[in-house]
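Here's a quick briefing on two pockets and one acidic residue. Have the model open as you read.

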Amino acid sequence: MKDYQLFWGDLHNHNAVGYARGSIERTYDIAQEHLDVLAFTPHSQWHDMPTMPNDAHMKWVDGFKVLHENWPKVQRLAAESNRKGKFVSILAYEWHSSFFGDYCLYYPADHSPLKYHDHVRDLQNYVKGTGAMIVPHHLAYKQGWRGANWDYLEPSVSPVMEVMSEHGLSEHDRAGFRYIRHSMGGRWTRNTLQAALQRGFRPGVIASSDDHLGYPGAYGEGLAGIWAKELSRAAILDALWNRRTIAVSGDRIRLFATLNDQLMGSEIPFTREREFEISCQGKDEIEKIEILKHNRVVYRYFPEDYVRDDGPWPGRVLSRIEFGWGPWGDLNMTRIADWDATITVTNGKIASLTPCFQSGPFDEDRRDHVVERKESSCRVRLFTSRKQAYEEKPTKSVLLEIIGGRDAVIRLAVSKPAPLQFQRTLGELAENSEVEFTGPFTAESVLIHRLVTPELYNARFRHSDYGRAGRADYYYVRATQANGHQAWSSPFWVEA
């Protein structure tokens, strides 16, 4: 299993080439800043689109025309941006259907055509001849309202399902991340991932943003984790075809699971004894890791059960630094705050840095950047606002993994939106978070979260389960952090 590396991608994202916002150039700029893989999926067609009040359906009609006119540009940028070992881009588009549900189509080759189909069987037959795959998404809307239609699912061309996006989470009807933002209603039990598994389908899982502000990899809207042998389009598509995938809600939780030494997504011949090996590196305190069998939890692992209160200083910690907040919305003082901040670690070093940048507010010209990264310092430029804040969370953050002792110091120097400097030792931040403001009420603020120690963000364990002859079983793994973010593995299937 050491042959595989984890790559992060957004395989479902939109911009103004269609009916969303932002230039296609901006989309690629943002994606190449912090992702390994991008499939820009412009809206292309909706053969059974209803007529809507106030001619609202013209939003889609006009957007489809924009894509048709710009398809050569979409083809060109996907081809030019694909650079083996550095960044993978996949030519793709989205196909809508009220009756059959929505799919994203992913081509293996550059300069492939934009095709139009009025029936999902025609779409499926077309991709069989091209080597493309189609992936259903926002599964859990009611069938007939662009939710999944399991009667027409063709597993041979749909190896994975998108179970999390800005629409919400499709795992089951009582899961977190509700369906709340769109006009197609809430979650329908019969169209959830668990319902598909119960019906006998064998999908892998991914998540992607489905963001409409042209912000691929938007924090909190879903990301695909892809276990591949290398960063190339062929290797990424091979991982998708073979379901070597995880889905995460936002934080890049590194979840790896095997069953009898077979990687998630595997179909395993019958064996009575089943040995799971699970490893998980979170981006916050891991609350629990669960193994589900036939959609029911059969084992829970709690990392805090193994924490020693008298243990030595760990020497490696997670520090999340969050920027934003500002005026309460009811004060009608909407503004965008531009941030320029330098984070310096004295008597320590920065082992890794993960950006957690949400999509709002939309701005064509501004960019969230990690401007500079050194062994013991980094500089970030961000912009925050309550305007268009995803889930009304008007903040952006960076997550640092820091190597240092109790006396190592984190120093934060902010030049924008107002001068602000302060510092704390790791020992102090292990006990308390720190909040500082850039001015009097209603000014923006900075939060350095309380540190997370390795025994709480790293977990590794084994678990044994048993089966009986004549019964096929399926399992998947779910990890949940204290901050609410989750990760899901593709399932395993053990034959009867």
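What follows covers the ground rules, then the pockets, then D340.

This is a predicted model, where local features need pLDDT of at least 70, side-chain atom pairs count only at pLDDT 80 or more, and totals for chains, interfaces and linings use all residues. Residues are numbered from 1 along each chain as its sequence is written, and side-chain values use heavy atoms, with hydrogens and water left out.

**Largest pocket**
- The largest pocket (an open set of points on a 1 Å grid over the protein atoms alone, where a 1.4 Å probe fits, with protein on both sides within 12 Å along at least five of seven lines) holds about 970 Å³.
- Its lining (residues with an atom within 4 Å of a point) counts 38 residues, with D284, E285, R450, L451 and V452 closest to the centre.
- Strand 23 (395-416) is among the elements supplying at least two lining residues, and gives the most, with four.

**Second largest pocket**
- Here you get about 670 Å³ of space.
- W60, R146, H182, S183 and M184 lie nearest the centre, out of 33 lining residues.

**D340**
- You'll find D340 in strand 20 (residues 337-356); strands are DSSP runs of E, at least two residues, numbered from the N terminus.
- D340 counts as buried because its relative accessibility is 10%, and buried means under 20% relative accessible area with a 1.4 Å probe, protein chains only.
- Its side chain makes a polar contact with the side chain of R381 at 3.3 Å (N or O atoms within 3.5 Å, one able to donate a hydrogen and the other to accept it).

Note on methods
Buried < 20%, exposed > 50% of the residue type's maximum accessible area, 1.4 Å probe, protein only. Points joined across faces, edges and corners; volume = space filled by probe spheres on them.
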